[in-house]
Amino acid sequence: MIPAASFSGKRVSLFGLGGSGIATAHALIAGGAEVLAWDDNPDSVAKAAAAGIATGDLRGADWPRFAAFVLSPGVPLTHPKPHWTVELARGAGVEVIGDIELFCRERISRAPAAPFIAITGTNGKSTTTALTAHILKSAGRDTQMGGNIGRAIMTLDPPEPQRHYVVECSSYQIDLAPSIDPTAGILLNLTRDHLDRHGTMAHYASIKERLVAGSDTAIVGVDDSWCAQIADRLERAGRPVVRISKRLPLTDGYFADGTNLMEAVHGRYSRVAFLEGIGSLRGQHNAQNALAAVVACLKVGLDLGEIQAGLESFPGLAHRMEQVGRKDHVLFVNDSKATNADAAAPALSSFANRIYWIAGGLPKEGGIEPLRGFFPRIAKAYLIGEAAPAFAATLGEGVPYEISGTLAAAVEHAAHDAANDAGGEAVVLLSPACASFDQFKNFEVRGEAFRQAATAIDGVKPIGGPR
């Protein structure tokens, strides 16, 4: 735990008592703050009270006495309208912050030289975070990983000068972290997302920009116009900027040339790393993730040998193009985290052909129509869940398919067909382009069911990786 000593002796209100909220409350208490916490869910309030956290309905609280209000990132700050607690805090002139802000203040207070890498972007955040932390750990660095990737940041070990922090940040978390100041800040990409919470694309982009604007070095993917404009704007403001591209040869910066990761200095190129043969980093999208991780690790002092070794030993992120097994020429890949068409596109683009595609679940708006360009790569589709009839209609006569119904049946049938494919390398790919909720609790449970079904097939050899 990181005790939040910056509020020692002060009263702090907190709303949102999920896992990170309770962890944050404990950190504040450990740091000497007097905390009053609340949640709209009575069960969450009861759980917090049982854990020794003082609770009380904030509607009747004496707001001017609070030094700060700590808000869960899952609670609306601005759109579609501010949560009632935000309106009360602002009305009393109380600053509204989140747990990432608490961490930033503790780092500055305890160990401002502690290397801090923060990662954001619409897509690729979790893989880049996990990859960066893995490279640092494999090079023997004291490394802590947390934030939006699943571990509450205040549960990490306290900052020390040589302790490295790798933190995934959502737009919601950045919006609650006004003093975020990474050693290396990464902005991977921007596409339309979370506009229900941010109102406009311009507002969403401006929030993401805050992370790199406060960085000692801003690492910005410039393959979309929003990020390219942000890089230009930061550079004009005199901020150190390193551009990265997964598809464009840059004059200055880092870019991918196939599986080679290149550095460009005034138009002169040199290879700094390579991804050839690294199955966990297959595909152009992973080239962008790897470029960001390489540059960030260079900025905190690793050498190219350490970085390459980390790339080669990276096991991948669970449920995101995770290689779970192989039998002869058939590879089994778990991409359960692909819960919409945009998220499924990277996996479909990473295999040239002979894809035995398992798709379906609870459908999202737009279905799989955006994936039509990848249909020629699909040897056969195996459709499951509520989306199966609609997906079948989209595939039409262009792609062979069956309505398998369940994931277990789809894995069995796809494995059989792929094994009999005489065309060479084949992949049984779960990349559902759907939410899981019609048949599974979440995408993790769905991915685990795929892994178990695949590795239970006679002759399939499991591939080591995240569990």
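**Exercise 1.** In this predicted model, find which strands helix α3 lies across and the angle at which α3 runs to β3.

*Solution.* Step 1: locate helix α3 at residues 84–91. Step 2: look for the strands beneath the helix; α3 lies across β1, β2, β3 and β4. Step 3: compare directions; α3 runs at about 160° to β3. Step 4: repeat this for α1, which lies across β1, β2 and β3 and runs at about 175° to β1.

**Exercise 2.** Give the order of the strands in the sheet and name the edge strands.

*Solution.* Step 1: write down the order, which is β2-β1-β3-β4 in an open sheet of four strands. Step 2: look for strands that pair on one side only; these edge strands are β2 (34–38) and β4 (96–97). Step 3: state the sense of the pairing, which is parallel. Step 4: check one pair; β3 and β4 are joined in the parallel sense over two bridges, and V70 stands opposite I97 in β4.

**Exercise 3.** Describe the largest cavity: its volume, its lining and the elements that contribute to the lining.

*Solution.* Step 1: count the cavities of 30 Å³ or more; the structure holds three. Step 2: take the largest cavity, which has about 60 Å³ of space. Step 3: list lining residues, among them L14, F15, T24, V70 and D99. Step 4: assign elements; β1 (11–15), α1 (19–30) and β3 (68–71) each give two or more residues to this lining, and α1 gives the most, with three residues. Step 5: sort the lining by character, which yields five nonpolar residues, six polar and one charged.

Notes: Residues are numbered from 1 along each chain as its sequence is written. This is a predicted model: local features need pLDDT of at least 70, side-chain atom pairs count only at pLDDT 80 or more; totals for chains, interfaces and linings use all residues. Side-chain values use heavy atoms; hydrogens and water are left out. On a 1 Å grid over the protein atoms alone, a cavity is a set of points where a 1.4 Å probe fits but cannot get out, and a pocket is an open set with protein on both sides within 12 Å along at least five of seven lines; lining residues have an atom within 4 Å of a point. Grid points are joined across faces, edges and corners, and a volume is the space filled by probe spheres set on the points. Ala, Val, Leu, Ile, Met, Phe, Trp, Tyr, Cys and Pro count as nonpolar, Asp, Glu, Lys and Arg as charged, and the others, Gly among them, as polar. Two strands pair if DSSP finds at least two bridges between them. Contact means heavy atoms within 4.5 Å. Axes are lines fitted to C-alpha atoms, for helices over the stretch in contact, and angles run from 0 to 180 degrees between N-to-C directions.
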